[in-house]
Amino acid sequence: MLGICTCAWNSALAEERERRNAREYFLTPTFGDLREELQVARDTDKLGMLLFFEAESCPYCQHMINKVFSDREVQDWYGGRFVSIAIDIHGDVEMTDFDGITLPSKVIADHRRVFLTPLMIFVDLEGNEAYRYLGMIRTPEEMLVLGEYIAGKHHYLMEYRTYAEKRGMQDEEGALVTPAGESE
């Protein structure tokens with residue numbers, strides 16, 4: 001187990017989770033050079049990077065930023081393991097990809113075959129894509145389980161759905177369920 005306390009899940013049902021600004025405490029401010037951010041990950045003994053591909057008009061992205069990435073436990077857990085960068089798939093902000101080519105963020109998204117949001121790509125310390133997750137994460141608990149899946153290198157052994165099921169995160173129809181889940 002990688003340090004996620006299930007008692008926090010139970011207490012989440014009874015009380016509001018502590019929240020902080022996700023853009024300040026989860027997503028790393030960047031000058032857009034992914035090579036430099038990867039070096040920061042190496043220098044600070046992180047597991048790698050989390051690239052969060054988003055779109056301003058995406059309500060699922062906004063949900064993740066406001067309800068999941070704003071959770072203090074998620075911020076602390078991921079902050080100790082990953083450098084997390086947001087990339088706007090429609091943006092014109094110049095970014096330098098891992099290969100040293102500088103392009104607008106929307107072109108980097110195209111080159112990485114990102115056409116839908118939200119999408120998270122976990123990158124290893126060599127700059128290689130380790131895992132890709134497409135879709136909305138509904139709760140902080142689900143985000144923590146996904147983090148455990150990556151940090152424990154379970155993505156080399158089984159599909160996320162299988163891992164989530166083993167963690168008791170799916171119902172009999174295979175739908176992902178998490179404590180404190182919201183219906184929206």
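**Sheet, core and rings in a predicted model**

Colleague: How many bridges join S1 to S5?
Modeller: This is a predicted model. In it, S1 and S5 run antiparallel. Phe52 stands opposite Met120 in S5. The number of bridges joining S1 to S5 is five.

Colleague: In which sense do S1 and S2 pair, parallel or antiparallel?
Modeller: S1 covers residues 48-54, and seven bridges connect this strand with S2. Met49 has Val83 of S2 opposite it. The sense of the S1 and S2 pairing is parallel.

Colleague: In what order do the four strands of the open sheet come?
Modeller: S2 and S6 (129-134) stand at the edges with a single partner strand each, so one side of each has no neighbour in the sheet. S1 pairs with S2, and S1 is also joined to S5. S5 in turn is joined to S6. The pairing is mixed, and the order is S2-S1-S5-S6.

Colleague: By how much are neighbouring strands of this sheet turned against each other on average?
Modeller: The sheet in question is the open one formed by four strands. With direction ignored, the average turn between its neighbouring strands is 20°.

Colleague: Which residue in the hairpin of S5 and S6 takes a positive phi?
Modeller: S5 and S6 run antiparallel and are joined by five bridges. Val123 has Glu129 as its bridge partner in S6, and Met120 stands opposite Tyr133 in S6. The hairpin has five residues between the strands, and the one with a positive phi near 90° is Gly127.

Colleague: Which helix packs on the sheet and touches S1, S2, S5 and S6?
Modeller: H4 lies across S1 and S5, at about 135° to S1. The helix that touches S1, S2, S5 and S6 spans residues 140-151 and makes about 155° with the direction of S6; this is H7.

Colleague: Are the faces of S5 covered or exposed?
Modeller: In a regular strand, side chains alternate between the two faces of the sheet. In S5, Leu119, Ile121 and Val123 lie on one side, with Met120 and Phe122 on the other, and these residues are all buried. That fits the count for S5, where five of five residues are buried. Both faces of S5 are covered.

Colleague: How many of the seven residues of strand S2 are buried?
Modeller: S2 stands at an edge of the sheet, so one side of this strand is left without a neighbour there. Even so, S2 (residues 82-88) is largely enclosed by the rest of the structure, because the number of its seven residues that are buried is five.

Colleague: What is the relative accessible area of Val114?
Modeller: Val114 lies in the loop between H6 (105-111) and S5 (119-123). Its contacts beyond four places in sequence include Phe53, Ile89 and Ile121. Ile89 is 25 residues away along the chain, yet the C-alpha atoms of Val114 and Ile89 are separated by 7.4 Å. Val114 is buried, and its relative accessible area is 2%.

Colleague: Is Leu103 buried or partly exposed?
Modeller: Leu103 is in strand S4 (residues 102-104). Leaving out residues up to four places away in sequence, Leu103 touches Val93, Glu94, Met95, Ile108 and His111. Buried means under 20% relative accessible area. Leu103 has 22% relative accessibility, so it counts as partly exposed.

Colleague: What kind of aromatic pair do Phe52 and Phe69 form?
Modeller: The structure holds 10 aromatic pairs. In the pair of Phe52 and Phe69, the centres are 4.8 Å apart with 80° between the planes. Planes over 60 degrees apart count as edge-to-face. The pair of Phe52 and Phe69 is therefore edge-to-face.

Colleague: How many residues apart in sequence are the parts that the pair of Phe52 and Phe69 ties together?
Modeller: Phe52 is buried at 0% relative accessible area, and Phe69 is buried at 0% as well. Ring pairs link both of them into a cluster with Phe26, Trp77, Tyr78, Phe82 and Phe122. Phe52 lies in S1 and Phe69 in the loop between H4 (59-68) and H5 (72-79), so the parts tied together are 17 residues apart.

Colleague: How many disulfides does the structure hold?
Modeller: Cys58 is buried, with a relative accessible area of 6%, and Cys61 is buried at 0%. A disulfide needs two cysteine sulfur atoms within 2.5 Å. The number of disulfides in the structure is zero.

Methods. Residues are numbered from 1 along each chain as its sequence is written. This is a predicted model: local features need pLDDT of at least 70, side-chain atom pairs count only at pLDDT 80 or more; totals for chains, interfaces and linings use all residues. Side-chain values use heavy atoms; hydrogens and water are left out. Buried means under 20% relative accessible area, exposed over 50%, partly exposed in between (1.4 Å probe, protein chains only). Helices (H or I, at least four residues) and strands (E, at least two) are DSSP runs, numbered from the N terminus. Two strands pair if DSSP finds at least two bridges between them. Contact means heavy atoms within 4.5 Å. Rings of Phe, Tyr and Trp (its six-membered ring) pair if their centres lie within 6.5 Å; planes under 30 degrees apart count as stacked, over 60 as edge-to-face and the rest as tilted. Axes are lines fitted to C-alpha atoms, for helices over the stretch in contact, and angles run from 0 to 180 degrees between N-to-C directions.
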